[in-house]
Amino acid sequence: MNISLNFVKKFVDLPEELTPQQIAYDLTMRTVEVEDVINTADKFENIVVGEIKEVNDHPNADALKCCIVDCGEDELKQIVCGGSNLYAGEKVVVSKPGAYVYWHGDSELVLIKESKLRGEPSYGMICGATEVYMDALFPPASETEIVDLSDFDCYPGQNVAEVIGMNDIVLEVDNKSLTNRPDLWGHYGVAREIAAIYELELKPLPELKLDPATPEYKVTIHDTDRCPRYAAVEIENVYQKEAPLWMKSLIINGGMRPINAIVDITNYVMMAVGQPEHAFDRTHVEGEHINVRVAKADETLTLLDRSELELTEDDLVICDVEEPMALAGIKGGIKDSILPETTGVILEVADFTAGGIRRTEKRQNEKTDASMRYEKGIDTQRVDQGLGLAAELFKEVFPESNIVAYGDVDAEPTQNAVIDVTKAFLDQRLGKEIPQETIEGVLTRLGFQVEFDGETYHCVAPTWRSTGDVAVKDDILGEIARLLSYESFEATPLPVNFEHSVNQPQFTLQRRIKEYLAFRCGFYEVFTYPWVDEKYLKAAGTDFSKAVRLAEGPSPETSTLRTSLIPGQLEAIEKNLRYFDSFSIFESAQCFEQGEYHPSNEVETLPVHKNYITGTITGKDAKTLFFQVKGVIENLPGYCHCKTVSFAQKEQPAWADSKVWLNVICDKKVAGSIGLVSVSAMNEAGIKRANVAAFELDFDMLPALPSRDNVFKHLPTYPLVQQDLSVIVDESMTWEQIKGSINMMVKDIWFVEEYRGEQIPEGKKSIMFSVKIGNDDSTMTSKQIDKKMAGILKNLKNKCGAELRD
C-alpha cells in the first residue's frame, strides 16, 4: 500500500522539521512496516516548465519545428520539436540535458543531451505526456501532442513536479503489517496514527448535511448479516469530465489511476478514509429501488467486457427491481457504467461483512481494491465518513450538482468494544509503572474513551478498532506499549536459572538428520505450504478420503491439507526444472489426516498430525538416482545415531514406480519408503525430461538411540605421572573391585590385560593396569611418587588381597 504524505497533510499539519525518514522509522516502530520512502519528484529532475517564444519552420524537415523557448535560464534556448500543437506563448514541459525520459514510446529511459536534429541545434526536448510519466494526468489525443500547461499557474524554469503535484513523498507499506488494521487502509487512519505519535491535532472530516425535505431513496437489505448498512445518494447534474489535477495526482501517488471525475471521487474517498464507494448511472437503476440480496440459482452478471459471471446462491449482489447490477463489495456490472451521456448517479456507500466478501472473491477469482478493504472488516460508522467527504467533493467538482434523494438502512451498527484492564496487569506486563495521565493520553489520542477508578482502566474502543482488532486486555497493553515505543522499555533479564541441559533425543535426531542431508548428502532444504494444489495431490496418488479440507482455503484448488510431503516435492521439482537439470531437495514438516489429536488437553482437538521427512533427487539416470537415495537412507542411522533400518517390499507407495520401490523397516515396522517416482505421477505433475527418486520417512517411527552420560573434567594444571602395575589377585576378584579400591587415589586408571599361566599360582590371575597420579598444586617429586605408589599398593593388598607381581 502506498501512503502519500501530501494526502496525509490534508488531515494533519506536519511540523517542517519532521523528515520523511523519521516518519517512516516511527511508523515502523509503532504501527506498520514501511519498506521504502520514495520522493516522487526525483524522476522529474531537470524537467521544467518552458514558455515558447517563437515557433519557426525547420529548414530541413517539414514535420519539425524550431522553437525558441524560455526555460528560466539566462538566455533563450532553441529546441527542435515535432509536436502538433505548438504555438507562441504556450507553456510546455521541457526536459533539459541530464533528464531521463521515454524517447518516443520506447520502453527504456533515455538520457537527454544537447544535440542536433536534422542539422539544427536542440537544447533539450519538448515532451508529450507519455515521455515524462504524465499520461495518466494528461491523456494525449495523439502521439504528436505535447503537454500544454498554459492553463496552470506556473513560470519558466519551475520544476514540473511542483506544478502537477508530484512533489510528494510516498511511503511503501507492507500490506501484511496492516492486515489486522482496517482503519489504516485509508490515509485518514494513517494521519490519526501520526497525530497520536507526535501529539498533533487531527482535522475533523466533513459531515453530510441534508435538507430535511430530501425525498427518500428506497433501499431494501434482504440479508443484514452480509450487509449491515447500505446508503444510497441520488445526485443530479453530474457528468463525465476530468477530475481536478490535485485529485488525480493524489490518486496516482496512492497507487491508482485516474479515470473520470465521478469515478475519481469514489476512489479518492476510498483512499482517504478506507470506505469503498460505487456510482451507478441513475437511469440504469430500474424502479428507483436498490435491493441487496443473495443471487438466485443460475443468475448471471454481465461485466463491462460483456463477459458473464455465473453467480451462486452464496454471492451477495446489488440489484434494481429487475436484475443484478453489481457483485456486492467487489465489482460492478455493465449496467452500472458511467457513460458520456450520464447526468446523474446513485452513489453507493455501504458496509459488507468480511466473511462473505472473502468467500465470493475466492470463488469468483475477483479481488479488487474495494474487496481488499471489506475483507479486513470495516465498521458501519465508516459509511458516515464516506458520505460526508463524497458530498463535499461532488459539490466542489460539480458546483451545480444537488442531492435529490437519500436512503440509508443501518440494520446492525458496529458496537464499541469495551475492555477493562487493571493497573496491576499493565505494570506487570509492561515491566514498569506508567503514570495514569500517560496511559490516558495515549489511549485518548488513539480514539479510546478511558475512565480510571484507582485500580482498573475502563476502556471503550472506537468503532474503527472494534471489528476484531481490539477485543481483549492484551490489545490495550499492546496499544500503550507500541505508541510509547518498544524502544522506551529497558530489557530485563529473564528470572530463570539453567541448572542442567534437557536431553531431548528426538529433537536432536531431527536436527542431525537435517544436517546429514544438507552437509553430507548435498541436499537443499525447502519449505512449502501445508495446503497443496490438487494437481500435485492427485499426481502423488493422495487418498482424499483421509485428507483434511479447509472450509476457507487460500483458493478452491488449494483447500486440501497435505497427507504427505511428496506432493509439495513434486511441485518444487516442476518449478525448479525450469532452471536446473539436476538437484536434491528435502523437507521436514507436519502432515495431516482426518481424526483427533489432542496436543495439550482433551478439549483442544485437532486433526491427526504426523511428522515426515521427505527428500528427492532429480536427474537423468533413473538407476543411479535410486541407488543414491538408497545409500542416503542406509547410512542415515550411523551418522544420525538412530536405530538401524532395513529394506523390504511390503506396502507400495502410491507415487512410486510399480517395481522400483522399497519400504524402510525399523523395529519390524514400516517407517517409510524409497523408490522411483512413477511416469504417470511425473506426467500429472508436469515433470518432463527428468527422472526422480524419492524417500519419505515417518520421523516418529525412527527411535533415537540414548546418548552417553558424559562428565566434564578440567585438564590437569601440572604434569601427571603414569605408572604401570601388574598385580596377582584371586580368580574371583573383578576389575571393578580393583578399580574401586584405588579410584580415589589416582587421577585416572585403565585396564591393560589379564593373564593366567605357569608363572601364576593356581586359583590366581594377573591383572595389568595403568594409573596416572599427580598433585593439584605442584609437580610431583620422586619421593612423592614413591610414597603415593606405596599407598596404592597398600590399599590393593588390604582391600583386594593383591600382591605385586615380580
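Trainee: In what order do the three strands of the antiparallel open sheet stand?
Mentor: Welcome, and note that this is a predicted model: local features need pLDDT of at least 70, side-chain atom pairs count only at pLDDT 80 or more, and totals for chains, interfaces and linings use all residues. Residues are numbered from 1 along each chain as its sequence is written, and side-chain values use heavy atoms, leaving out hydrogens and water. Strands (E, at least two residues) and helices (H or I, at least four) are DSSP runs numbered from the N terminus, and two strands pair if DSSP finds at least two bridges between them. With antiparallel pairing, the order of this open sheet is E1-E12-E2.

Trainee: Which strands are at the edges of that sheet?
Mentor: Look for strands that pair on one side only. Residues 2-4 make up one of them and residues 34-39 the other, so to name them by the DSSP numbering from the N terminus, they are E1 and E2.

Trainee: In E12, which residue is the bridge partner of Ile38?
Mentor: E2 and E12 (residues 169-173) run antiparallel and are joined by five bridges. In one pair, Ile38 meets its partner in E12, Val170.

Trainee: At about what angle does helix H2 run to E2?
Mentor: Angles run from 0 to 180 degrees between N-to-C directions, with axes fitted to C-alpha atoms, for helices over the stretch in contact, meaning heavy atoms within 4.5 Å. H2, residues 20-30, lies across both E2 and E12. Its angle to E2 is about 165 degrees.

Trainee: Which strands stand at the edges of the open sheet of five strands?
Mentor: The order here is E13-E16-E19-E20-E21, with mixed pairing. Two strands have a single partner each, so one side of each is left without a neighbour in the sheet. They are E13 and E21.

Trainee: Which residues of E19 point the other way from Leu316 and Ile318?
Mentor: In a regular strand, side chains alternate between the two faces of the sheet. In E19 (residues 316-319) all four are buried, that is, under 20% relative accessible area with a 1.4 Å probe and protein chains only, where over 50% is exposed and in between is partly exposed. Opposite to Leu316 and Ile318 point Val317 and Cys319.

Trainee: In E20, which residue is the bridge partner of Ile318?
Mentor: E19 and E20 form a hairpin with four residues between them, and three bridges join these antiparallel strands. Ile318 is matched in E20 by Ala326.
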